[in-house]
Amino acid sequence: MNKDWIKWDRYPSLWCGGCGIGIMVKYLATAFEELGYSRDEVVIVSGIGCTGRVAGYFNTDSVHGLHGRAVPLAEGIKRGNKKLKVVVVSGDGDLLGIGGNHLIHTARRDVDITVICYNNEIYGMTGGQMAPTTPRDKFTVTSPFGCDYNPVNVHKMISSNHSYMFGRSSVWHVDHMKKVFTQALEHKGFSFVEVIGHCITNNGLRVGYKDAYEMIMTIKKLYKISETLDKETDLGVDVKWN
Ligand SMILES: Cc1ncc(C[n+]2csc(CCOP(=O)(O)OP(=O)(O)O)c2C)c(N)n1
Ligand code: SF4
Ligand SMILES: [Mg+2]
């Protein structure tokens, strides 16, 4: 990775040791570099949350926006200057909970931006509460007997329009993650990448995981790279053109 993409003077980062957000940042920076993008043409937009702090670490123009509003902010930037590559990086709570309505409509309008969602299946920054992405029966601090509801179907949320790209990868499958980022960034039209990750501090340790390694190994075991995205544990890409 070309180190110019990251504001190294801000490290060590505020993320906990063992958190997967930094892994995602590394492979996104590598994807930018391998695609030959210049730092002047990339804008990173984030909402609020641990993942929302990503905007502050990229050595590009970036905006750390309001909670749930990263997507409309990014849409405005893109509509103002179509030459820019506008990339949203934010959390599942931010993009799919409070910001869910914006996401549905920006995707429907096929705005040419890329949205990258770090899905740790909880609200990390505020203490590990159950989120719309929390799988049924999963334990969190606010679902001590297991979550009673089905999680949102992210793939379906963004596919109202007949043109989109949806990709899912994980913090364990790093080469795959970089490939999916590359494909999403080059996609003409709306693209969304769900990165399956983990939160060790406010979820893992509180619900019985020993450490981050154990959480990442659980992701490795559960998620498989697949030709289709039939199951929510399939990693891969679905591209539709008009
Ligand atoms: C309008 C508003 N409501 C609630 C909050 C509190 N809040 C801060 S971060 C957050 C959740 C973030 O969760 P997620 O997007 O999944 O990010 P993570 O920390 O898990 O990376 C919430 C509810 C806020 N900052 N602003
Ligand atoms: S609280 Fe969780 S999501 Fe936030 S930085 Fe720490 S491990 Fe990562
Ligand atoms: Mg989260």
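How many nonpolar, polar and charged residues does the shell around ligand 1 have? I counted by class and got six nonpolar, eight polar and two charged residues. I keep in mind that this is a predicted model.

**Entry 1: ligand 1, its shell**

I listed the surroundings of ligand 1 and found 16 residues there. Thr51, Asp92, Gly93, Asp94 and Gly124 come nearest. I then asked which element gives the most to this shell. The answer is H3, with four residues. Helix H3 covers 92–98. Strand S5, at 122–123, is also noted, since H3 and S5 each supply at least two residues of the shell.

**Entry 2: ligand 1, polar contacts and burial**

I looked up the oxygen atoms of ligand 1 next. One entry pairs an oxygen atom of the ligand with a polar backbone atom of Cys50, at 2.8 Å. For Gly124 I also noted a polar backbone atom, 2.8 Å from an oxygen atom of ligand 1. With Asn120 the partner is an N or O atom of the side chain, and the distance to a ligand oxygen is 3.0 Å. I followed this with the areas: ligand 1 taken alone exposes 590 Å², and 71% of that is buried by the protein. I also checked the pockets, and ligand 1 sits in the second largest one.

**Entry 3: ligand 2**

Which residues surround ligand 2? I wrote down Trp15, Cys16, Cys19, Cys50, Asn120, Cys199, Ile200, Thr201 and Asn202. By class this shell divides into six nonpolar and three polar residues, with no charged ones. I note that Cys50, listed around ligand 2, has a polar backbone atom 2.8 Å from an oxygen of ligand 1. Asn120 is likewise in the shell of ligand 2, while its side chain has an N or O atom 3.0 Å from an oxygen of ligand 1.

**Entry 4: salt bridges**

I searched for salt bridges, and the structure holds eight. One that I looked at is Glu75 with Arg79, where the closest N and O atoms are 2.9 Å apart. Where do the two residues stand in helix H2? Glu75 and Arg79 are four residues apart in H2 (residues 70–80), so about one helical turn separates them.

**Entry 5: backbone geometry**

I went through the backbone angles last. The peptide bond joining Tyr11 and Pro12 is cis, with omega about 5°. Pro12 has its place in the segment before helix H1 (21–34).

I also looked up positive phi values outside glycine. Asp110 is not a glycine, yet has a positive phi of about 50°. I find Asp110 in the loop between helix H4 (100–108) and strand S4 (114–119). Asp137, not a glycine either, has a positive phi of about 75°. The loop that holds Asp137 runs between strand S6 (129–130) and helix H5 (154–157).

Notes: Residues are numbered from 1 along each chain as its sequence is written. Chains are lettered from A and ligands numbered from 1 in the order in which they are written. This is a predicted model: local features need pLDDT of at least 70, side-chain atom pairs count only at pLDDT 80 or more; totals for chains, interfaces and linings use all residues. Side-chain values use heavy atoms; hydrogens and water are left out. A residue is near a molecule or strand if one of its heavy atoms lies within 4 Å of it. A polar contact is a pair of N or O atoms within 3.5 Å; within protein, one must be able to donate a hydrogen and the other to accept it, and residues adjacent in sequence count only if both atoms are side-chain atoms. Accessible areas come from the Shrake-Rupley method with a 1.4 Å probe; for residues, only the protein chains shown count as cover. On a 1 Å grid over the protein atoms alone, a cavity is a set of points where a 1.4 Å probe fits but cannot get out, and a pocket is an open set with protein on both sides within 12 Å along at least five of seven lines; lining residues have an atom within 4 Å of a point. A molecule sits in a cavity or pocket if more than half of its atoms lie within 2 Å of its grid points. Ala, Val, Leu, Ile, Met, Phe, Trp, Tyr, Cys and Pro count as nonpolar, Asp, Glu, Lys and Arg as charged, and the others, Gly among them, as polar. A salt bridge is a side-chain nitrogen of Lys or Arg within 4 Å of a carboxyl oxygen of Asp or Glu.
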